[in-house]
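This report goes through the model from single residues to the whole chain, and it is best read with the structure open alongside.

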Amino acid sequence: GALLVNERIDREELCGALSPCSLSFEIVVENPLELYSGTVEIQDINDNDPVFPSSQARLEISESVPAGARFPLESAQDPDVGINSLQTYQLSANPNFALDVQTRVDGSKYAELVLEKELDREEQRELNLVLTALDGGSPPRSAHVQIHIDVVDANDNAPVFNQSTYKASVRENTASGTLVARISAYDLDDGPNGDIVYSFSSHTPAKVRELFALDSATGELRVKGQLDYEETKLYEIYLQAKDKGAVPGVAHCKVLVEVVDVNDNVPEVTVTSVYSPVPEDAAPGTVVALLSVTDLDSHDNGLVSDVNDNAPKPSQDSYDVYVPENNMPGIPILNVSATDPDLGRNAHLSYTLLQGDATFGHLFSINRENGTLYLLTSLDHEDQVEFSMTVQVQDGGFPPLGTNVSVSVFVTDLNDNAPTVLYPQPNTTATFTDAVAPGTPAGHMVTKVVAVDADAGYNAWISYTLLQATDPSLFSVGLHNGEIFTARQLREDDAPEHTLVILLKDHGEPVLSTSATVSISVAEMVKEVLTDLTDVAPANDPKRHVTFYLILAVILVSAAFFITILSVGIFKCYKWRQSKELYSSSRSTTYRTPGPFQHIDAVRGGFTPSSFYHQVYLTTDSRQSDLLCKKPFTSSPLGSRQGTIRNGEPGLYHQIVGTASRLPTPAE
C-alpha cells in the first residue's frame, strides 16, 4: 500500500502560478472491496531564479526634467510561489536616482526610478545603473539588468566668450580682407543648442559695419573698408554670439581696434605776408613773413626729425647698495634708471657695467635693457666689504651719447663666525698650566682667555662665562675681558689642580659660541712648578752645562743691547738733521691710513700677537695732541671703517690726552 513517486515532480510545470498545487487519485482495496480517494499537495522549493525580459534596459531622460519625476521599469518574473517568489528590487548607488518598489493587487512587485537630483548633461552625459531582483528563498536567488540612461540635452547654457574684451591694432591704409582679430565663444550644450553664430550687436554703428566684416561661423573680424588714422584713431566694436536653440542664448563681447598711424601726409607750409613790399632800406632783422608748418600725421610722423643732442640723464649720479653677506646668488640688488629727452632711437637706452677687474664679471651682471643689477654669487663680509663699479648708460643715437653712474655695493655683516680662542691654544697636544700661590687673596688675576671673532661690530663682541670648574667658588671670569680672578682666598685644603671650562659667546643673532679649557695649578713658588715640569722631562737630558750656556747668553744679550743703543742714537741724530726743514713748515702731515683691525685682547705675561700694533696721528704744528689707540691689525677689510671708539669693544680702547708745554722737536 506504499505510494511512490514514479518520476521527478515539477510544481511549476504541473500548476504554474496556482497555489496550492495538489494531485488527486483513487485507490481500490480488494477483499473486502473498498474505494478510497486521496490528494497529494506539491510543495514549492526555491529552484528558480527571477528573470528579467532582457539583460539591458535603455532610458532617455532630458536634463530639464524636474526632481520627483518617476520612470517605471520592466518587472522580473519568478515562477516560484509564496515566499520563494519575487519579493523586492535593489538599485546600485548613484547621486541622482532612488528606487521605489510597489505592490500590485495580486501581490506581485514592480519598481520605479525616482529622480531625486536634477540631471546635468554638461556634467555627465550618461548614467549606468544596475537593477537587482531578489526572491525570498534562503539563500535568496537574484537577477540583474543593466539600465543605461542617456541624458538628453536641453538648451540651458548660453554661449560664453573666452574673454570679454579683445584688443587689436591695425595700420591705416591696410588692404581689405586683412585679419584684425578672431573672437571665440563656446556653448556646453549639444547639437543645435551648442552651435554658435557670430554677428554684430544691434547697436553697432553702420560706419563700423562698412569698415569691418565678421565671419558668422569662425568669428574672424577682417578689414572691409579704408581705414584712416586722421579720421578715427580707435574703433569700439560690439559683437554677439548666439546658439541655435529654440530659445537661443546670447553672449556679448567688445573688440577695441586701434588704428596705427602711417606717414601718409606731407607737411603743409603756410606763408603769411607781414611786410610787403620790402623797402630796400629795411633794417636787418625786420620781420617780412610768418611761416607755419603742419602735418596731419602723429608722433614722429608729424614732427621735424630729432637730433641726438641730449645725453642720458640718470635719476641720481651714484648709488649705495647694502647687501647682507651669504646672499642667494642671482638676486637683483639695484635698478639703475635714466631718461633721455630725445626721440626714437636717440632715446633708446642701454646699460653696460664697466668692470674694474676680471673678477667683476663673475660677481655682478646688469640687464642691458632695463638697468637691473644682479649679484651672481654669494658674498662674504670677512673677505671683502665694499665693491665699487661704474655703470655706463648710453643712447642709440649716432654717434651715441653716454653717462656714467657710480655704484658702491657694501656687504653688511651677519653673525656667521663663532669666537676663536687664541689662548690657551685649542686642539694642541701641549699643556698650558697657569700657577697661583697658596693663600692668594680674592681678586687676584690668575690668567686670561684671549679670543677673536672674525665678524664685525656687535656680532664680534665676546662675553666670557664660567661654565664648569673643579671648585666653582674659587675662581670667577670677567664678562667682557676674559680675565680669570680668584673669587676668594686660597686655602690649604683646596685642590692642587683646577680645570676651568670657559664659555665664549658673541652678541650676534643667532648667538654663536665656543669654549676654552684652562688648567690652573696651586704651587708655593714658580720653582715648584718648574720642578714638576722637570720631573716629566727625559732622564737622559744632554744639556748638562746649563751654567755655561746661561753666561754665554747674558754676554750675547748685553753686546746686542749695546750695539742697539748705539745704532738708535746715530739714527736719531740723522733724522733730527733731516727734519729741520719739515719742522719749520706749518703743513700737517697725516701718516698712513690705519689698516684693518681685529677684536683682540692682550695676554698677560707679555703675550702679544705678531700682528698687533698701535698707530698715532699727530700734526707738526699743534701744541696739544690726542693720542688714539686703534684696534689691532687683522686681515679684515672692515677695519678701516670701524676705527672709532664708539664702534669698538668696551675695555679694548683707551684715549690718552696729553698737553705739552712746548712743541716737541723732531728728534723728540
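Is Asn31 buried or exposed? In this predicted model, Asn31 is exposed, with a relative accessible area of 75%, and Asn31 is placed in the loop between β1 and β2. The backbone deserves attention here, since Asn31 has a positive phi of about 50° although it is not a glycine, and a cis peptide bond with an omega of about -10° joins Asn31 to Pro32. Pro32 itself also belongs to the loop between β1 (21-29) and β2. Most residues other than glycine have a negative phi, and most peptide bonds are trans.

Further backbone features of this kind are found elsewhere in the chain. Asn173, in the loop between β11 and β12, has a positive phi of about 65° without being a glycine, and this residue is partly exposed, with a relative accessible area of 40%. A cis peptide bond also joins Phe398 and Pro399, with omega at about 0°, and Pro399 sits in the loop between β28 (386-395) and β29.

**The chain as a whole**

The protein chain contains six helices and 40 strands. Of its 668 residues, 34% count as buried, while the accessible surface comes to about 41,100 Å², with 54% of that area belonging to carbon and sulfur atoms. Among contacts with a separation of 6 or more, 66% are between residues 24 or more positions apart.

A UniProt annotation, from an unreviewed entry, marks residues 548-571 as a "transmembrane region". In the model, this stretch is 100% helix and 0% strand, and its end C-alpha atoms are 35 Å apart.

**Nonpolar cores and a surface patch**

Which residues have the most contacts inside the largest nonpolar core? This core has 28 residues, and those with the most contacts inside it are Phe161, Ile183, Phe212, Tyr235, Ile237, Val255 and Val257. Several elements each supply at least two of its residues, including β11 (165-171), α2 (206-211), β17 (234-243) and β18 (250-260). The largest share, five residues, comes from β18. Ile237 illustrates the packing: leaving aside neighbours within four places in sequence, Ile237 is in contact with Phe200, Val208, Phe212, Leu221, Cys253, Lys254, Val255 and Val257. A second, separate core of 25 residues includes Leu363, Leu373, Leu375 and Val411.

Nonpolar side chains also appear at the surface, where Leu3, Val5, Ile9, Leu14, Leu23 and Val40 make a patch of about 520 Å². Val40, one of these residues, is located in strand β2 (residues 34-42) and counts as partly exposed at 30% relative accessibility.

**Salt bridges**

Side chains of opposite charge can pair when their charged atoms come close. The whole structure holds 17 salt bridges, and three of them are listed below with their N to O distances.

| Salt bridge | Distance (N to O) |
|---|---|
| Arg70 and Asp100 | 2.7 Å |
| Glu220 and Arg182 | 2.7 Å |
| Asp494 and Arg488 | 3.0 Å |

Arg70 lies in strand β4 (residues 70-72) and Asp100 in strand β6 (residues 97-103), so this pair ties together parts that are 30 residues apart in sequence. Arg70 is partly exposed, at a relative accessible area of 43%, whereas Asp100 is buried, at 19%.

Glu220 belongs to strand β16 and Arg182 to strand β12, so their salt bridge links parts that are 38 residues apart in sequence. Here Glu220 counts as buried at 15% relative accessibility, while Arg182 is partly exposed at 47%. In the pair formed by Asp494 and Arg488, both residues are buried. Elsewhere, Arg121, Glu122, Arg125, Asp153 and Asp190 are joined into one network by salt bridges that share partners.

**A loop contact across the sequence**

Which residues does Leu414 touch, not counting residues up to four places away in sequence? Leu414, in the loop between β29 (402-412) and β30 (420-423), touches Pro324, Glu325, Asn326, Asp455 and Asn459. The C-alpha atoms of Leu414 and Glu325 are separated by 6.3 Å, although these residues are 89 residues apart along the chain. Leu414 counts as partly exposed, with 35% relative accessibility.

Key. Residues numbered from 1 in each chain as written. Predicted model: local features only at pLDDT ≥ 70, side-chain atom pairs only at ≥ 80, totals over all residues. Heavy atoms only, no water. Patch = residues over 30% accessible without salt bridge, like charges linked within 9 Å, V, L, I, M, F, W, Y side chains within 5 Å. Areas by Shrake-Rupley, 256 points an atom, 1.4 Å probe, with all protein chains shown as cover. Salt bridge = Lys/Arg side-chain N within 4 Å of Asp/Glu carboxyl O. Helix = DSSP H or I, 4+ residues; strand = E, 2+ residues; numbered from the N terminus. Buried < 20%, exposed > 50% of the residue type's maximum accessible area, 1.4 Å probe, protein only. Core = buried A, V, L, I, M, F, W, Y, C linked by side-chain atoms within 4.5 Å. Contact = heavy atoms within 4.5 Å. UniProt positions renumbered as here; feature names shortened; annotations may be inferred.
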